[in-house]
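Student: I have a model open and want to go through its charged pairs. Can we take them one at a time?

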Amino acid sequence: MDSPERHSHSTHASEEDIRNRDIFIYINGELVPREEAKVSVYDSGFMLGDGMWEGMRLYNGRWAFFDEHMDRLFESCKAVDLNIGMTRNDIREALDHTAKANGMHTDVHCRLMITRG
């Protein structure tokens, strides 16, 4: 049996990555500075958890397992009748545009979030 000390840290505990201090966030077709990136409290993703997300990684300018991520994302959204409103190519362009705006090329983690909101 595990001791209480062994689980003293939550899986949600993390240290801030200073590389993310001045990044741009892609929201609804716009790149906005991190401090201006806002989602309404009425967004269904916030209120109801109504959305999908994929954790994406960028290595040497290439999104790892992009097709597999898109297969899963599009199938998941279809299952809950959530219209992404973008094609796979649109998503790749948005990801590339965001990475470029942030000067990111490798060892990058991105959380792609789609909500009905």
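**Salt bridges and a loop valine**

Tutor: Glutamate 16 counts as exposed, at 54% relative accessibility. Keep in mind that this is a predicted model.

Student: Which residue forms a salt bridge with glutamate 16?

Tutor: Glutamate 16 sits in the segment before strand 1 (24-27). Its partner is 18 residues apart, in the loop between strand 2 (30-33) and helix 1 (44-48). The closest N and O atoms are 3.7 Å apart, and a salt bridge needs them within 4 Å. The partner is arginine 34.

Student: Is aspartate 50 buried or exposed?

Tutor: Aspartate 50 forms a salt bridge with arginine 116, with the closest N and O atoms 2.6 Å apart. Arginine 116 lies after strand 5 (108-115) and aspartate 50 between helix 1 and strand 3 (51-59), so the pair ties together parts 66 residues apart in sequence. Arginine 116 is partly exposed at 41%. Buried means under 20%, and aspartate 50 has 18%, so the answer is buried.

Student: Which residues does valine 80 touch, not counting residues up to four places away in sequence?

Tutor: Valine 80 lies in the loop between helix 2 (66-79) and helix 3 (88-101). Valine 80 and methionine 52 are 28 residues apart in sequence, yet 9.5 Å apart in space, C-alpha to C-alpha. The residues touched are Met52 and Arg116.

Student: How many salt bridges does a search of the whole structure find?

Tutor: Aspartate 17 and arginine 19 form one, at 2.5 Å, N to O. Arginine 34 with glutamate 16 is another. The search of the whole structure finds 5.

Note on methods
Residues are numbered from 1 along each chain as its sequence is written. This is a predicted model: local features need pLDDT of at least 70, side-chain atom pairs count only at pLDDT 80 or more; totals for chains, interfaces and linings use all residues. Side-chain values use heavy atoms; hydrogens and water are left out. Helices (H or I, at least four residues) and strands (E, at least two) are DSSP runs, numbered from the N terminus. Contact means heavy atoms within 4.5 Å. A salt bridge is a side-chain nitrogen of Lys or Arg within 4 Å of a carboxyl oxygen of Asp or Glu. Buried means under 20% relative accessible area, exposed over 50%, partly exposed in between (1.4 Å probe, protein chains only).
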